[in-house]
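User: I should like to go through the reasoning behind the descriptive terms applied to this model. Please set each value against its definition.

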Amino acid sequence: MPSLRFGKHPPKHDYRTLRLKNYLGAELAPPPASYDVLARVYQKLGTSDPAQLFPMDGNDTLGDCTIAALAHAITTYNGLVGTQKIPAKQAVVKLYMHLTGGVDSGLSELDVLNYWRKTAVSGEKSTPIPT
C-alpha cells in the first residue's frame, strides 16, 4: 500500500475534552455489542448505495480522512432525519486545504472537531453537549 496516502496524526489531547466515564454511573446498562445506524439511514433515504452516500471525498488521493469523516457524519445525521445531504467533494477538499494551509499533511481529529464546533461546514454546525 505504499501508493496510498494516510493523513493520520498522533492523538492530540485537550484537558477540556469531556470524558464519558465522568458522566456515567454504575446503573447505566452496557452498550449493545453492535449497532447499525446505516440501516436506518438507508431506509429513511430509500437507498443502500454506500458509494453514493459516502463518496471518497478525495481520501483516495489525499490525507483528508478527518474531513471526509466530518462529511460522512453530516450525511449520516441528515439521513437519520430523512434528508439527503452529501457534501460535495470539492467542498471537502477545499476545507481540507484551508485547514492545512494548502499542504497535504493530514489533520488532527481534535482540531477538525474544534473547527466544526465554531464554524458551520456545508451549512451544518455541530452542537456542543450541554454540561
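Analyst: The model is a predicted one. A suitable starting point is the contact in which Thr66, Ile67, Leu70, Ala73 and Ile74 of α3 meet Glu109, Val112 and Trp116 of α5.

User: What makes these residues of α3 and α5 count as meeting?

Analyst: The criterion is heavy atoms within 4.5 Å. The α3 residues Thr66, Ile67, Leu70, Ala73 and Ile74 meet Glu109, Val112 and Trp116 of α5 in that sense. By class, the residues of this contact comprise 6 nonpolar, 1 polar and 1 charged.

User: Why is α3 called oblique to α5?

Analyst: The two helices pack at an angle of about 45 degrees, and their axes lie 9 Å apart. Angles under 35 degrees would count as roughly parallel, and 65 to 115 as roughly perpendicular. The angle of about 45 degrees falls in neither range, and therefore α3 is oblique to α5.

User: Which hand does the crossing of α3 and α5 have?

Analyst: The crossing of α3 and α5 is right-handed.

User: What makes up the largest nonpolar core?

Analyst: The largest nonpolar core has 12 residues, among them Leu62, Ile67, Leu70, Ile74, Val92, Val112, Trp116 and Val121. Membership requires buried residues, under 20% relative accessible area, joined through side-chain atoms within 4.5 Å. At least two core residues come from each of α3 (65-80), α4 (89-100) and α5 (109-118). The most are given by α3, with 4 residues.

User: Which residues does Ile74 contact beyond its neighbours within four places in sequence?

Analyst: Beyond those neighbours, Ile74 is in contact with Lys85, Pro87, Trp116, Val121, Ser122 and Glu124. A second, separate core of 5 residues includes Tyr42, Leu45, Leu53 and Phe54.

Definitions and conventions
Residues numbered from 1 in each chain as written. Predicted model: local features only at pLDDT ≥ 70, side-chain atom pairs only at ≥ 80, totals over all residues. Heavy atoms only, no water. Buried < 20%, exposed > 50% of the residue type's maximum accessible area, 1.4 Å probe, protein only. Axes fitted to C-alpha atoms, helices over the stretch in contact; angles between N-to-C directions. Parallel < 35°, antiparallel > 145°, perpendicular 65-115°, else oblique. Left-handed = near helix turned anticlockwise from the far one by under 90°. Nonpolar A, V, L, I, M, F, W, Y, C, P; charged D, E, K, R; others polar.
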